[in-house]
Structures are given as structure tokens and as C-alpha cells.
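Colleague: I should be grateful for a close look at one part of this structure, namely the sheet and what surrounds it. Please explain it in a manner that a first-year student can follow.

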Protein chains: 2
Amino acid sequence: MITANQALDIILEKVSLTPPEEIKLIDSLNRILAEDVYSDFDIPDFDNSAMDGYALRFEDTDKASGDNPKIFDVIDIVRAGVLPKANLTGNQAIKIMTGAMIPKGADSVVKIEDTKMIDPEGKKIQLSSQLSKGQNIRLAGENIKKGDLVATSGSKINSPLCGVLASLGKSRIKVFRKPKIAILVTGDEVIDIESEYSQGKLYNSNTYTLHSQTISLGAIPIDLGIVSDDYEQLKEKIQQGLEYDLLITSGGVSMGDYDLVKPAFKDLGALIKFHKIAIRPGKPVLFGFCKGKPFFGLPGNPVSSMVGFENFIKPLILKMMGFKGVETTKLVEATLEEDIKTKPGLKFFIRAQTTIKDNQFYTRTTGPQGSAILKSMLLANSFIIIDEDADLVKKGTKVIVKLLD
Amino acid sequence: MITANQALDIILEKVSLTPPEEIKLIDSLNRILAEDVYSDFDIPDFDNSAMDGYALRFEDTDKASGDNPKIFDVIDIVRAGVLPKANLTGNQAIKIMTGAMIPKGADSVVKIEDTKMIDPEGKKIQLSSQLSKGQNIRLAGENIKKGDLVATSGSKINSPLCGVLASLGKSRIKVFRKPKIAILVTGDEVIDIESEYSQGKLYNSNTYTLHSQTISLGAIPIDLGIVSDDYEQLKEKIQQGLEYDLLITSGGVSMGDYDLVKPAFKDLGALIKFHKIAIRPGKPVLFGFCKGKPFFGLPGNPVSSMVGFENFIKPLILKMMGFKGVETTKLVEATLEEDIKTKPGLKFFIRAQTTIKDNQFYTRTTGPQGSAILKSMLLANSFIIIDEDADLVKKGTKVIVKLLD
């Protein structure tokens, strides 16, 4: 049986990127850039005022103080978005608004609050302190310079990046197409949540978790519904699913007589890369390629399904989408608050609640860990990861924890 | 001038919840539940097998060992989703698939791998070890019990909760309606990113950051575009914006002669609650109510706008949406990796890159902190928060850091 790390290596070995598409910037949140973006101009592209105040020459404020105030003639007013008309010379000031271009001749700005108007028309102001050169001026290019590489292909577009791309005037950008992920649930015991409940059956929950997990990544779930344990119907549905970028099946991959998923894929000419990973929960994970498309066969237990998606499918989808940034799920070290019994040879993913106290992480399980017990997943904000060589991990030990989004 | 904490108290004092609406569960990711959800039945609602194996009576395996194997007659097979027909008595076994109901008479399940078939038709199996009572049986109600409160109003629906609600058969649920957030950018200097660039102007980026920040919360942005510094047009646009749940304006709230936002709101009969907060960046933040709707006037600098949204508008929107969970942005303590100069009397939000090394948080600024410098926001994953009483914070000090999503 292969280890979790070996499985990931196989999954990520040969990944086809989705092709780029051009979209409007306003629709770009959480999409992945498919181009390097350079700035076509300086931002700002002109020296401008950081304050509402008066533009003037700093040399004219030399030795200004309460005892030695300096008087300036206000010769004009310049507002943001309008080119200044007047040029400024000695002992003159031009009233200036935040963001407005610095008039020729001026080299500094004094805040309105630091001046005193000394005539009723606002034509003269008095200044009682000395300025430093360039004070309250934002220089051209101080934000971004012309030709700067502002964002690289593979970056996820978050709110600040969206704003920066707007400030560059990039109204349309290239991003990787969202991959379409087909989700197929199998099993005679599974019924649709719109159906009436009947004993011995289970409502389909895996479509809902896999659908949500897929959307959370920014991919598009395609729900193929539930197929019963009928071999021909299963093969037909699998073929439908192979029309998309990735197919995930849920259930039917254990050792049972009705576990038809692997035979069905084989019958359709699939190349099976592996069908078990040495992990708990969720050991039976089928992965391979069929008709050129990657597919996963996840076990039907709700928690196994979530764990399989989070640890093995998510990295593949992110790579398909061209994502090159740091994954948002983070590994941290935490102090274990209870003993944990595991089994050598298996990597354990244990649902856990991880908290921060006194600048340190602490973690504890969220209760019974049976793979059908989705409730303990509700309380979890993390997985404790216990490696294959462990057996009993004692309270107080430092363990690796994967924080969930 | 009021402090950041006083401002938040005022903002959150009187919040109208958006009304509940019923939606399909499949569309519920990241929505906020507007009802308490109880389970109508046990999950599972019948004892079932955790393995593919044989159901039998544990007492019949007493003292079984390699030297003393026990033989069982396999009298039936039961698959998941089908009610078992046969009852089981002494030294009998029924082949059982994962998830299938435990037949009457059986109390334990042995895994297929731990048995040996001893006739060609699979009618007899041999067992060489003793079972414990209840082994490999998932008990009715072990996941969720009938009548259990599974999720409370105000919870955010994530992937596990979506799965749990599905397993309860809740195909439709009540959630709070997404609030509609109107976004209006003001200023003669601001031009639409579809326009041709011209010197002295700035492309509108605040619509894009505010739009993205709003979507990230699960609310609906309504883009009202850009309005020039024309008093009548501004008032008209503000009135349009007041038709939604919340109006955010950007720009025009400083001390400049063309800062028309506050007068326009006043003219429309607004109750102004405050118009400055003792923070940097982003001090001029206008907040009040007009025609029964809350509104914010944010400053036009891109970073001030983001900081204002993150710290003051986000908590309000989450409360409007009925969110009662723990906010996903977390405060942690980190060691400062450089000196930081602040100004007493102001709370500083400093763009920072926070990392984890040896189970400890470390943080440093992302470069120049001018409020127009959106680029330093790109590199930031956090804000260092420096309180009003500080002045110079030395390298090595423990500081409070707000991690961004």
C-alpha cells in the first residue's frame, strides 16, 4: 500500500492546466491569473498632495515660528483631477486638495490645520512652523513604477490585487478557466434528500460536501446525482462524468461484493494508478485516468470522503487551475491536549479543534472518530496529522496540525 | 475624536437583521442559518456494519484461535440499502456489506480479511480469533440522535454542515437574505477603468476592492459607479444608494473644499453618528443613518478604504446577516521584527506579513505605509494593531496582529 506522500506525488505528476480565458476584472475575485501583469505607467503618474492644504516652497518657510510667522499670498486653488494653471514663485501659496497635482514651483504642502487665514477672503495665510522639503507630497511612481511586474501568473486574485489591477486600468484580464468537477454518488442504500425517508436507507450527503468543497476552491461542481449498484448504469454515468475535467465518485470502492466502481473503470479502459492509501480514515481511494481524464473513487463514508477531498483532490484541482501561490491551509505545530492511539503504518487525519492560548497552538480531538461520524467534522477547525511511525501519542506532545479554511 | 472601539460600539448598537428566506440546500454554502435545526431521526437509524464482512454472534467465537478454529454456516447475504430477510442463530453467519443493516440475532461483525472460506460455494467460513461484542457495528444514533440540536441560527454553513443538513434530509433551509451593499465612488479625479487614461486622473480602484470585500463576506455589491464633485448629482446618487441595505461612499470626506459627502448626507436629513475615528490610516470615516438606512463615508485613499471596510463595515455586515459565529479573522500575538514609530492618540493598522517559525508568530511591515500605497497591501496577510498609547514600538516586542482571511 502506498503512503499519503507517494499518493500525492502520483496525483500531481501529470496535470493538465485548464486553458486561459479573458474575463472582466469585476468578476475576478478568487480567480487565478493566467498572465504576468506589468504596469503601463507610474502610479501615481504625477506628484500630488497627500493632504488638503497649501502648496508652497519649503525655503520660504525657513525659520518660521510663532514669533516669526511667514505670510503667503494664496494665488490659486487646485483640485484633484484638474491640471494646475498657475506657477508659483516666492512667498506664494496655492490651495490644494488631496490627490491634486503639485503646481509648478511648489515643492512642499502644509496641512490646512497648520495654517491661519489672515484675511476674510482667504487670500493670505500665515504659517508658524518650518516645513521639510517634499512634506505631504506623494511622489510619482511611489506606489507602482511604469514597467513594474505587479502580479504573476498563478496568483489568486484577492481584494487588494483586484484593486491594484483596477488602478492599472486592467478592465479585462486572463485567468485560468474554472475546472468542472463531476460528482457521482453510488449505492443502493443512498437516496436523494428530496425523497421520503425509509428505513435502511441513508440520505445522500456526500454530493453536498463535495459540491461545497469544490465551490470553495473556485471550481464548478457538476452533480451527476446518485446511481444504484447496477453495473451498466454505473458505467454509463461514469462515461458522462468523463466529459468534464475531473470525475469524483463516492462509494463502492471497498472489498464488498457490490463495490463495482473499480471494475467499471477498468472495463472502460482506465489506467488505475492506485486504489488504497495508507491513511485513516479513508483508506480506499481509487485514482487513475480514463479516456484521458483523471478520476478519483472516494469511499462512501462521509468523513472519509471529506478527508480524501481535502488531502488528495484539492491539491490536484488547485494545480489544474494554475494556482502557484501558497495554499491557504497551513500546517502548524500544536501541543496535544489528550492521548491519541493510532496504528503504525497508517497516517492518521484526526478531526480536531485547535486554539491559540498565550501565543501557542493547542489541539484536541472533537470526539469519536468513526468515519461515518460527520458531526465531529462540524466541530473541527483542523486535522491532527499523525505519521505512519507513531503508535500512542501522549498528551503534551507537539504534533502537526493542518488548519482548515 | 472617538476611538476605534467607541466607533465599533456605535456601529453595532442598532443593527437591522436582513429577513430570512428559504433556499435549496445545494445553494447554501457560506450562507447564515436563520433557524435552529433539529434531527427528525437517529443517524444512522439502524445498527449497521462498519466493514465488509460476516455478521454473527460473538458468543460463538468464544476461545476461537488458530488451534481452535470455529466454523460458521453462511445462510444469507445482506447488502446496504436492503432490509435483511434471515434471522441468525448459533454458529451461523450472514455475509454483510458496509452500511448494511445488522440482521436479527447477530451482535458483531468480523472483517472478510479475518475469515477463511472453507468450501468452494462460500457456504462455510472459518474464524481463528475471538470477537468482542459489538465489534465493527455502528450503533443507531451514534452519529446524531433524534431530537438533537444539530445547528443553531446564526451559524455559517460550511462544507461539513452542508453535509450534515443533507444527511438530515433538509433539502430546503432558512437563511438570512444576503444584504445588498451599494458602493458609490466620488471625485472629479476618478475615471472608470474602461476609459482612456489621462494625466492628473486616477483609475477607480475602490469600487473593485469594496466589491471584492463585500462578496467575500457573502453579501451582494451594487455598483453605483463614479459620481463627479457635483453636489446635485451626488445627492441623487446617494438617494439611489439608500434603497439598499447599506450605502458605502468612497472619497470626499476630508477637509477639502470639494468634500461634499457629509453636506450632501446632512441635506438629505441624515443623522451623523461620527465623522472621524482616531486611527491611521483612514481617520475620516463618516457613519450615520439616512432615511432609515445605515451609511459609511470612507476616505478615497485605497488603503484607508480597505482598512475602513475590514475594521468597521465588515462587523456590521456580518451582524446584518445574522452571523453569530466566531469571526474568521483572528487576533494573535506576534514578535515584531523591526522598530515601528506611531503617534500617540491614534490606533495604527499596519500592513504586515506574519509568519510562523518554531511554533511562534513573527511579523514585519510590508514596506512604506502611505495610505495610497495599495501595493503594500498586496504583500500583507495581516495588520499589526498598535494601540493609542504607544509611540515607538521596539523590535522584539510582542504585538497584536489581525490575520486576514
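**The sheet and its surroundings**

Modeller: In strand β21 of chain B, B:F296 is the bridge partner of B:F287. This pair is a convenient place to begin, and it should be said at once that the model is a predicted one. The pair belongs to a ladder of 5 bridges between β20 (residues 286–290) and β21 (residues 293–298) of chain B, and these two strands run antiparallel. In general, the strands of a sheet pair through backbone hydrogen bonds, in either a parallel or an antiparallel manner.

From this pair one may step back to the whole sheet. It is an open sheet of 6 strands in chain B, with the order β16-β13-β17-β21-β20-β18 and mixed pairing. At its edges stand β16 (220–227) and β18 (271–274) of chain B; each has a single partner strand, so one side of each is left without a neighbour in the sheet. Neighbouring strands of this sheet are turned against each other by 20° on average, when direction is ignored.

Chain A may be read in the same spirit. There, 6 strands form an open sheet in the order β16-β13-β17-β21-β20-β18, and the pairing is mixed. The edge strands are β16 (220–227) and β18 (271–274) of chain A, each of which pairs on one side only. From one strand to the next, the twist averages 20°. A parallel pairing can be examined here: β13 (residues 180–186) and β17 (residues 246–250) of chain A run parallel and are joined by 5 bridges. Within this pairing, A:I181 stands opposite A:L246 in β17 of chain A. A helix also packs on the sheet of chain A: α6 (residues 302–320) touches β13, β17 and β21 (293–298), and its direction makes about 165° with that of β21.

The next matter is how the two chains meet. The contact takes 70 residues from chain B and 70 residues from chain A. On the side of chain B that touches chain A, the elements that each supply at least two residues are α2 (159–167), α3, α6 (302–320), β22 (331–336), β25 (360–365) and α7 (375–378). Of these, α2 of chain B gives the most, with 8 residues. By class, this side of chain B has 34 nonpolar, 24 polar and 12 charged residues.

Two helix pairs in this contact deserve a closer description. In one, helix α2 (residues 159–167) of chain A packs with helix α3 (residues 206–217) of chain B at an angle of about 155°, and their axes are 8 Å apart. An angle over 145 degrees counts as roughly antiparallel, and α2 of chain A and α3 of chain B are therefore roughly antiparallel to each other. The crossing of α2 of chain A past α3 of chain B is right-handed. The residues that meet are A:S159, A:P160, A:C162, A:G163 and A:A166 on the one helix, and B:Y208, B:T209, B:S212, B:Q213 and B:S216 on the other. By class, this contact has 4 nonpolar, 6 polar and no charged residues.

In the other pair, the axes of helix α3 (residues 206–217) of chain A and α2 of chain B come within 8 Å and cross at roughly 155°. That makes α3 of chain A roughly antiparallel to α2 of chain B. Here too the crossing of α3 of chain A past α2 of chain B is right-handed. A:Y208, A:T209, A:S212, A:Q213 and A:S216 meet B:S159, B:P160, B:C162, B:G163 and B:A166. By class, the contact has 4 nonpolar, 6 polar and no charged residues.

Finally, some details of the backbone may be noted. Most residues other than glycine have a negative phi, and most peptide bonds are trans. The peptide bond from A:R280 to A:P281 is cis, with omega near -5°, and A:P281 lies in the loop between β19 (279–280) and β20 (286–290) of chain A. This leads back to the sheet, since β20 is listed in its strand order in chain A. In chain B, a cis peptide bond joins B:I43 and B:P44, with omega about -10°; B:P44 is found in the loop between β2 (37–38) and β3 (48–49) of chain B. A:N136 has a positive phi of about 60° although it is not a glycine, and A:N136 is placed in the loop between β9 (124–127) and β10 (137–138) of chain A.

Notes
Residues numbered from 1 in each chain as written. Chains lettered and ligands numbered in written order. Predicted model: local features only at pLDDT ≥ 70, side-chain atom pairs only at ≥ 80, totals over all residues. Axes fitted to C-alpha atoms, helices over the stretch in contact; angles between N-to-C directions. Helix = DSSP H or I, 4+ residues; strand = E, 2+ residues; numbered from the N terminus. Parallel < 35°, antiparallel > 145°, perpendicular 65-115°, else oblique. Left-handed = near helix turned anticlockwise from the far one by under 90°. Contact = placed C-beta atoms within 7 Å. Nonpolar A, V, L, I, M, F, W, Y, C, P; charged D, E, K, R; others polar. Pairing = 2+ DSSP bridges.
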